[in-house]
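Here are my notes for you, written as numbered points. Keep the model open while you read and look up each residue as it comes along.

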Amino acid sequence: MLNAGPDAMNISGTTRITGLFGYPVEHTLSPVMQNAAFSHCGLDYRYLPFSVRPESLRNAVEAIRALSLSGVNLTVPHKEAALPFLDRLDGEASAIGAVNTITNHDNVLTGYNTDGKGFIMSLTEQGVLLEGSKVLIIGAGGASRSIGYYLSRTAKGLHLYNRNREKAEGLASHLSQHSGNVEVITNLTTLDAFDIIINATPLGLKRHDPLPLDPVLLHPGQVICDLIYHKTPLLIKAAARGCRTIDGLGMLLWQGAYAFELWTGINPPVEVMRTALLSLVK
Ligand code: NAP
């Protein structure tokens, strides 16, 4: 039987549509988080997942205008590819070179990047101090790029490690345009020097993935973060070594909260969004 919940029954001619463009989008947690926020605030908005193949991205972005969508989030593989199709880029998105949020105001499409800011907020709310900290990011893809932009400006030193060293060097030189504080390391044989270590690779998503680093090298007092939403084997082993651990759920929450604010102009109900997310992962 078709399960039409109360919100589905309440869609009207004035309902405003937001959503997510990605490929794949089947596993996204964002619709539950954003729709809980709209509902809590009494806003006549809905958030839908749209499966957009890479070759359809231009048409999909044009459809934001054609269908008068209020805005969308972008996820893999569209965050960099969408740039040429937008009318404007926020300064931070331009510096990062990727967008995860698009607004549509009067048919003008503006790109923002709330991923990096979301990650920083997820650390700040846990009381993790970046100033004075030496930080290592493992991975040099899109997520590393967006969090690296903020970390290179706040941390005492930012180091990058990637299995493809050239890619890490390219990212380090990109980030160094904004801050001279970024270095590439070529192995993970000693991790003593780092106060905060972040896994920005997908290692840990699949059950038999190898660990991104050897946990024996970790020591109490270090903060180990994983951008993956759940407690990965890395986080479990790091906690057993006495480290503080932070998963990627806070980043997902805060990047979504900032996007909500961009679309609606309203303070996001962060605790409602957090509860909605936790209901999906617990
Ligand atoms: P991406 O652009 O595809 O980059 C992936 C990075 O991981 C690359 O540097 C890649 O290295 C490295 N990598 C991939 N597979 C690897 C392996 N088997 N061994 C070692 N390194 C490997 O992906 P992304 O968008 O940056 O996402 C990275 C992770 O962050 C994903 O798990 C994603 O789910 C998560 N994420 C979380 C949030 C959140 O809100 N919490 C937001 C964005 C992303 P090469 O350069 O050598 O290929």
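**Notes on the ligand site, the empty spaces and the backbone**

1. Start with N162: one of its polar side-chain atoms sits 2.8 Å from an oxygen atom of the ligand. Keep in mind as you go that this is a predicted model. K167 also reaches the ligand with its side chain, where an N or O atom is 2.9 Å from a ligand oxygen. With N164 the backbone does the job: an N or O atom there lies 3.4 Å from an oxygen atom of the ligand.

2. How much of the ligand does the protein bury? On its own the ligand would expose 930 Å², and the protein buries 75% of that.

3. Now zoom out to the whole shell. The ligand has 21 residues around it, and the closest are A140, A143, N162, R163 and L227. So N162 turns up again, this time among the closest residues; the cut-off for being near is a heavy atom within 4 Å. By type, the shell splits into 11 nonpolar, seven polar and three charged residues.

4. Where does the ligand sit? The space it takes is the largest pocket. Two elements give two or more residues each to the shell around the ligand, namely α6 (142–154) and α9 (249–264).

5. That pocket holds about 1700 Å³ of space. It is lined by 49 residues, and T75, V76, P202, L205 and Y229 are the closest to its centre. The elements giving two or more residues to this lining are β3 (71–74), α6 and α9. Sorted by type, the lining has 23 nonpolar, 18 polar and eight charged residues.

6. Next, have a look at the second largest pocket, with about 340 Å³ of space. Its lining counts 17 residues, and K231, D247, L249, G250 and L278 lie nearest its centre. β12 (244–246), α9 and α10 (270–281) each give two or more residues to that lining. Which element gives the largest share? That is α10, with four residues. The types here are seven nonpolar, five polar and five charged.

7. Is there any closed-off space too? The general idea is simple: rolling a probe the size of a water molecule over the atoms shows where empty space is left. A search of the whole structure turns up one cavity of 30 Å³ or more. The largest cavity has a volume of about 40 Å³. Among the residues lining it are L203, G204, K206, R207 and D209, and the list also includes P210, P212, T232 and L234. Six of the lining residues are nonpolar, two are polar and three are charged.

8. Finally, check the backbone for oddities. As a rule, most residues other than glycine have a negative phi, and most peptide bonds are trans. Y23 and P24 are joined by a cis peptide bond, with omega about 10°. You'll find P24 in the loop between β1 (16–22) and α2 (30–40).

9. V76, which you met near the centre of the largest pocket, has a cis peptide bond to P77, with omega near 5°. P77 belongs to the loop between β3 and β4 (88–89).

10. One last stop is S68, which is not a glycine and yet has a positive phi of about 55°. Look for S68 in the loop between α3 (57–66) and β3.

How values were computed: Residues are numbered from 1 along each chain as its sequence is written. This is a predicted model: local features need pLDDT of at least 70, side-chain atom pairs count only at pLDDT 80 or more; totals for chains, interfaces and linings use all residues. Side-chain values use heavy atoms; hydrogens and water are left out. A polar contact is a pair of N or O atoms within 3.5 Å; within protein, one must be able to donate a hydrogen and the other to accept it, and residues adjacent in sequence count only if both atoms are side-chain atoms. Accessible areas come from the Shrake-Rupley method with a 1.4 Å probe; for residues, only the protein chains shown count as cover. On a 1 Å grid over the protein atoms alone, a cavity is a set of points where a 1.4 Å probe fits but cannot get out, and a pocket is an open set with protein on both sides within 12 Å along at least five of seven lines; lining residues have an atom within 4 Å of a point. A molecule sits in a cavity or pocket if more than half of its atoms lie within 2 Å of its grid points. Ala, Val, Leu, Ile, Met, Phe, Trp, Tyr, Cys and Pro count as nonpolar, Asp, Glu, Lys and Arg as charged, and the others, Gly among them, as polar. Grid points are joined across faces, edges and corners, and a volume is the space filled by probe spheres set on the points.
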